[in-house]
Structure formats: structure tokens, C-alpha cells
Amino acid sequence: MSLSRGDGFVHLADYRAPAWRVLHAGLVFELDPAATTVESVLSLEPDPARPGQPVTLDGEGLELLAIELDGRALGGDGYAYDGHQLTILDPGRACELRTRVRIHPDANTRLEGLYQSGRLLLTQCEAQGFRRITFMADRPDVMPRWRITLRAARDAFPVLLANGNPVSSRGLGDGRHEAVWENPHPTPAYLFAIAAGELGRVTKTLRTAEGREVELNVWAEPGDVERCRYALGAVDRSLRWDERRFGRGYDLDVFNVVAAQDFTMGAMENKGLNIFNARYILADEATATDADFLAIESVVAHEYLHNWSGNRVTLRDWFQLSLKEGLTVFRDTEFSSDLHSRALKRIEVVRLLRGRQFAEDAGALAHPVRPDRYKEISNFYTLTIYEKGAEIIRVLHTLVGEDTFRAGMDRYFADNDGKAATLEDFLAAHAAASGRDLAQFARWYAQAGTPELAIRADFDAASGDYTLTIDQHTPATPGQPEKQPLLIPLRFALYDADGGEITTPPEADAVVREGMAELTAARHVLRWRGLRGRPLPAFNHGFAAPVKLQVDYSVDELARLARLERDAFNRWDLLQRLATDALLGAAHAEAATQTLSDVLADLLEDTSADPAFVAECLALPDFDTLAEQVDEVDVEALVGRREELLDRLAEDQVERLQSRYEALADVAAGGLDGPEMSARALRNACLSWLTRLDPQAALAEAQFAAANTMTARLAALRCLLHFQAPGAEAALAAFQQQFRHDPLVTDKWIALVATRPHPEALADVEALMASNWWKATNPNRVRALLGSFARSNPLGFHRRDGAGYRLVATQVASLDAINPQVAARLLGAFESWRRWTAPHRGPAREALAALEGKLGSPDGRDLLERLLG
Ligand code: PHE
Ligand code: ZN
């Protein structure tokens, strides 16, 4: 992949297979935090179809100590190294290249390549970090087999881990020791990993369905080992689930997982050696919330499931990123849905889509799920690639059904095992298994923007003819002014006056079956004849199509639907719609509010409903979701209206809230079973509404004092801080003190402080930045303080005086020099700035403009350019 066009972009259309392949990589590390040397022996083989090409290897900022080709030292005329790329004149035959380089893990704050976290040495190589360790064709379609030798001082680095299976270990006599690992599966460099240091583990051995004995280990710094048990269980459950649901087994003798306090992303699926952000591993009831436990299980599953969707079948190039990420999010979501409540999982995902992915798809950073060009691939680890990518797979699943989908997956894995694949390979397997032409479906990958479906209903009382006219439209996005119609499976139902479902299929200019229309054109018409009365339609059950719907309902119709819909997700969705109408639908806002309140009253009284589901219904659409639905975002007005509505609803429900809060106390007291977590979810939702009504009441203070789970304690602390209740200061001080040695729990209170819904939160954020709590090199801490502030504190970030924007932009500039990926993500908080009202737009533009010339990294520059462009 070269910058052949000289425009600064890498283009999908410029892809060329590598002229040289690396068949085997043998690496020897002499590990030391200050100066590590890496000796590498690469077996290189030319592509016979492309003779005469030089060998070009990536190597970023390496100190080259020695270089030999087939045992002969290369002189200055035999190679060239410019700090980015090593070029060797065409050797004309298969050969062996030996190099030795020196690198400096303790100075590596970007946390890419080999770096130090606490006293551990760790790697992070996706997407292009391996080239910071040693020379390699650092592209996913080059897949050597690996032999990795680690040497280090035994006292400081007693545990030495790498990809694959352990081969041998021995003492070296001088206080140093050595471990050798072999990864027999062809594996691209982005999946390379090592971890070294003083690590303890929890472990378990099992036999796979194919009869392989596998040792599962979860490693952490010695003091944290007990908090790894839940994650170990999650690995076990993931392995079994992939066997059952996808027929995929594990393929090495060990599966290692390591927790690190300093990690830029969530976790990484390195072959046989996953490396995790500690926040997605460490948990017990005293330090982790229920949400943390569920997130840990799902991230553990995500990384484990990559072993097939990503590792065994990898990517041809980075444009295919969603081929592994969208697919693996789909798989981990199915895992969570199979193990827990499918409806609750769907609600969680849809909230994320509507609040964040839709905004991304409508903002300055919008891009297709398969982009056709990029400047910096790190900027494409986005909600669009991950979450929208997963939704597209779900659309396919909806279209073909579970059995055919599974057949398509089997075929995809069989045809591409050990290879570097493309989306076309994926689609070809599914086309073959389903007998469908997926050409139009493929547009989902090429077109950015969230499709909108406008549905108009007409009823002719005389004839009983009822028509639904469905118009499809995808708005323009940067670089894509025109859009073509997508293949959208639209679920629908019609109810008659008695609430019975009308099952007669419509006449239609689209394929319609069992309550689903396959939309393919800009407009479709569905027609029913001779109906006895005007039916009530419902659409997009389970949010099967990731689209925005425009359907005009009267409040009465919405109220009827709320009673008719039995499916939990659809009921929740209707309540979201009612709340949105109450907040944004000026004409019948009051009627919508009343209906919403009535439905919530019923729900709160319904003790047979899952309390966690009721809690989800109490949670109104968040600020981001609302902001996404208006043309111009007036931050204060939107937040203000939302708060008013919450006040009003809470007043209506006060007795019910109190009685549920009390009745659930016993079940909520502890334990991680479904009903226990559910009880806490509803109890904490009630607590929040009750504290809103009366911050002086000591309810939150009492819950804080009596809590024996982090879930209860943190929810109480949030109420105290966010409603500025009397006990807030004391509770915060006690919490800080109690958990001051635990960085993950410290991040929790910091995020609460940063999200206090008040413009004055800015001063608290500044105070924290000036304190010892601030750690600019730790991504979790940066996200807890600045990420939460910029993304989840609209009143603070969008202060009229622009101080919120300036604070974030200034920090982006200094973080860019420390960890460009962390800085670039933070900068993403400005993605929707052009839709903010003028008083915000001006200061936002100024804050961004002030960054020009101040960002040294390609990541930051690329993002800034797109934001301002
Ligand atoms: N591939 C990782 C995942 O999705 C995410 C990641 C990307 C981690 C880049 C580190 C760097 O699971
Ligand atoms: Zn992933």
C-alpha cells in the first residue's frame, strides 16, 4: 500500500499484493525497559509474478545495530533506511534477512509497539505498531509463522509470555532467563504480542469439543489476581459458546489474557495472548458495578471470538477493518443476548447507535463502513466500523435467517481459513449459501450516512383500501453527495380496532413475507384492500433495520401501540418515541407527556416485568440522541426541557418510585445473578428520580452509607454529586479515600465529578487537572476526566463562553505529543460542531482553529482537517 497518488491518502483502489512474503519470523528479545534489543530473522520469498522488486520493510524510528542477508553483512550500498522504511535491492531469490535493532519501551508514551505499564513490558501492534518493534512487512496480508524468544532478568520479569504455545524455558545463568514460544498459525504482525513482568494468574484447564486440552489463564499484577476470576469464567463461556453457536473451536494449547493499567483501547485480540485494558478484566462486587461485569464479559467474548473472525481469517488490508470488527461485534452481541436478556442487550446497542453512531454518520467525520481512502487508519476505529458494521451483519442475518446465515459463516470460515480476506469474500460465501445476489446489499458498506424511511399511511374509508408509501433517503455526507437506495428489511405489523393483527399480506412492489418487506427502491407502496377500519401500523420491530423512521402517529395511536406491543424492545422503543415527542414534538407535547406518564405508572406497578427493563423505560433518550434529531442543537434549551420533563414525570410517580425502591431492597443487596442485578438497576433509577425531587432527603446518603456493592455505592454518589445534595462533599471525600490506591475506582469518581450537569463543572475539571489525580499518560484517566467532560457533560463542555471547548482543545494539543490516539479521540467530541447554534459554533470554530499548526501527529492533523474541512 503506497502513497502513490501523492495526495496524502492511502486508496483502496491502489491495493497491490505484496511483492515479497515473509514465511517465517524468528525474533529474540533482550528485554529491558530502558533499552531492549530485538534480533529478527525473516524468511523472505518473492512473488514470482512480480520479479525485480526491492524488499521494502516498515520500521518506525528504529536504531539499526546490524543487518545481514543470508549470513553476509550488508554494507551501506546494499540497503537504505530512512527512519520509516528499510529498502534492500532485489536479492532475486528467496532469502533470509537478519537484523538487530534497539528500542526504548520506557520512553514510549504512545503505547504502541513495546511499552512499559507499571512494571510490566507489553506490546500493542494493531494497526501499525509492530514496525516500532522491528522491521516487517507490517500489513495484514503478510502472515508469517512465528518463533519468539524472550530473555530478561528473572527477578524483575519472572513471567515471559508471547503468542502461540510455550516451547521451552531455561535459566541463562546470569540472573536472566529465557522463554521460547511458537505460533504455528500464519499470523500478521498486528496480532503479535508479548508480555513480561511480575504477573500472577487464575487458571483453568478444559477439553475442547475437538478434544484439545487447553489451559486458560488470566494474568494481572499480583495484587489484582483475585479480581480476575470473573474474566476467566467469561473466557470459558466464550469458548463454549463459539463451539455451540458457530461450530468454532480453539486452536492452541494455551489461551492467555493479560490485564494492563495503561492501554489505549479496550482490549486486543493478539493470537493466543489477548492484552486488555485492566478495566475490562478486574472486577469484584466491592470495586466493579453490574455494568462493569457485563462489559467485561462482552469485551472478553469480543476478543476471544476474534480468534476466528479476525485471526484465523484475517484482513487483506485495513479498508476491510469492519470485516473483523463489525462481524465480531455481531458475534459478541449474540453471545451476550444468548446468555442474558436479548431485549436489554438490544436496548443497550440501540441507545449507542442512536446516541453516538448516528451522530458520527451525520457529522464531519462520517465515513462508509468500508472507507475507500484514509490518511491515518487509527482514526477509523469508530462506531461506524464497529457498531454500524455489526448492524449490517444483523441485516444480512434478518434477510436470510439463522440457518442460512450459519451456513454462510461456515462457508466463509472454510474458504478463507489461514487467509487474508475482503468483504467481497465474505459476501461471496453468504451469496453462495443463500443463493441470493448480494450486490445491492453491499451498498451498505460503501455509503455513509444513516438511511431515513418516511412512511405515509392513507386509508380510504369507502373502499377500505389502505396504503403505506415508503420513501427511502440517505442524506449527503462528506465526499458523497448522492446516494443510492439500500436493501432494507422493514418489519411491519397492522393492528385492527380490537388489537388483533391483520395477517393478510399486502399487494406490493417489493418482496414481502411474514411481516417483512424488502425495500430496494427509493419508493415502495404496500396496499391492503377492503379493510374494515383504519388499521394501526407498527414498524421496525427489534430495530432490525438501522435506520431513522419518520411516521406520523397521533398520541392516541402511540398510547394504543404501547398497550398492544408485547415485545419488550418494541415497548421500550415506543416509550422513547413518546418521550421524544414530549420533548421535541411541540404540537402534542403535553399529550405525549401525559401518555408517557400513564404508561410509566403501569410499568412501575407491573411487578411481573423485569425490573431492569422498567429501569430502561425510565431512562429517557439521552442528550446525544435528542440532539441528533433536531436541525440545530440549542444545548441549554434541550438539556433544560429534558430536565423539566424528568422533574414532571418524577412528581407523577413519586409513590410508586418509593414503593419499588423499598420493595427491591433485599434482592438488590448483593449477588450477581440476573434478578439481583435487575433489582439494583430499578432501585438506582428510582433513587435518581427521588433524589431529583428532593435532594435534601437523606435517601442517597443512606444508600451510600449502607451500600455493599459498588453498583449501589456509585449510584448513590452520583445522585449526591449531580443533584448537589447536602452529603455530597463528605461522601466524595470518603469514597476518594477508601479507593485511592485503585486507579479504576478512582476513574469512576473522577468521571462523576466531570459530568456534574452544571457549567461550573469546568472549574472542578481544571482543579483535578492541577492535582495529583491527573495522569496525562494514562488513557483511562484522560477519558475519565476529559472524555467524560467533553462527551457526557453538555452543560459544561458547551459553556456559552467557550471555556469548555478551549479546555478540551488545549488538552488535545498537549496529549497529542503524548498519545496521539487518545488525543484524536478526544478531538472527536467536536464532530457535530457545525450543527450547534451560532453562540456555540463560533467559539467551537475558534477553539479548533487555534489548534492548527499545533498537532504533530498524523492522527490529530487528519482529524482536525476533517473537522474544519
Ligand atoms: N482490535 C481491537 C478490538 O476490537 C481494538 C484495538 C484496535 C485495540 C487498535 C488496540 C488498537 O478488539
Ligand atoms: Zn474487535
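**Notes on the predicted model**

1. First, the overall inventory: the protein chain has 27 helices and 33 strands. Keep in mind as you read on that this is a predicted model.

2. On overall dimensions, the C-alpha atoms of the protein chain fit a box of roughly 90 × 65 × 60 Å along the principal axes. The radius of gyration comes out at 28 Å, and a compact globule of 869 residues would sit near 29 Å, so the chain agrees with that expectation. Buried residues account for 50% of the 869 residues. As for how the chain folds back on itself, take the contacts between residues at least 6 apart in sequence: 68% of these join residues at least 24 apart.

3. Now the inside. The largest nonpolar core runs to 254 residues, and A196, F276 and I281 have the most contacts within it. Have a look at F276 in your viewer: leaving out residues up to four places away in sequence, F276 touches V257, V258, A259, A260, F263, A267 and I281. I281, then, turns up both among the residues with the most contacts in the core and as a partner of F276.

4. Next, the ligand. Around ligand 1 you'll find Q124, E126, M265, A267, M268, E269, H302, E303, E325 and Y381. By class, that shell splits into four nonpolar, two polar and four charged residues. Two elements, β20 (267-268) and α2 (290-305), each supply at least two residues of the shell. A267 is worth a second glance, as this residue is in the shell around ligand 1 and is also touched by F276.

5. UniProt has an unreviewed entry with two domain annotations to mention. One, "Peptidase M1 membrane alanine aminopeptidase", covers residues 230-443. In the model that span is 56% helix and 9% strand, with its end C-alpha atoms 41 Å apart.

6. The other annotation, also from an unreviewed entry, is "Peptidase M1 alanyl aminopeptidase C-terminal", placed at residues 556-868. Here the chain is 72% helix and 0% strand, and the end C-alpha atoms are 45 Å apart.

7. Last, a helix to check by eye: α25 (residues 820-827). Is this helix mostly covered or mostly exposed? Mostly covered, with eight of its eight residues buried. The buried set is P820, Q821, V822, A823, A824, R825, L826 and L827, so don't skip over R825 when you scan the list, since by the cut-off used a residue is buried if 20 or more other C-beta atoms lie within 10 Å of its own. As for what covers α25, its buried residues pack against α22 (779-792), α24 (803-816) and α27 (858-868).

Technical notes:
Residues are numbered from 1 along each chain as its sequence is written. Chains are lettered from A and ligands numbered from 1 in the order in which they are written. This is a predicted model: local features need pLDDT of at least 70, side-chain atom pairs count only at pLDDT 80 or more; totals for chains, interfaces and linings use all residues. A nonpolar core is a set of buried Ala, Val, Leu, Ile, Met, Phe, Trp, Tyr and Cys residues joined through C-beta atoms within 7 Å. A residue is buried if 20 or more other C-beta atoms lie within 10 Å of its own, exposed if 12 or fewer, and partly exposed in between; C-beta atoms are placed from the backbone. Two residues are in contact if their C-beta atoms, placed from the backbone, lie within 7 Å. A residue is near a molecule or strand if its C-beta atom, placed from the backbone, lies within 6 Å of it. Helices (H or I, at least four residues) and strands (E, at least two) are DSSP runs, numbered from the N terminus. Ala, Val, Leu, Ile, Met, Phe, Trp, Tyr, Cys and Pro count as nonpolar, Asp, Glu, Lys and Arg as charged, and the others, Gly among them, as polar. UniProt positions are given in the numbering used here, feature names are shortened, and annotations may be inferred rather than shown by experiment. The radius of gyration is taken over C-alpha atoms; the globule rule is 2.2 Å times the number of residues to the power 0.38.
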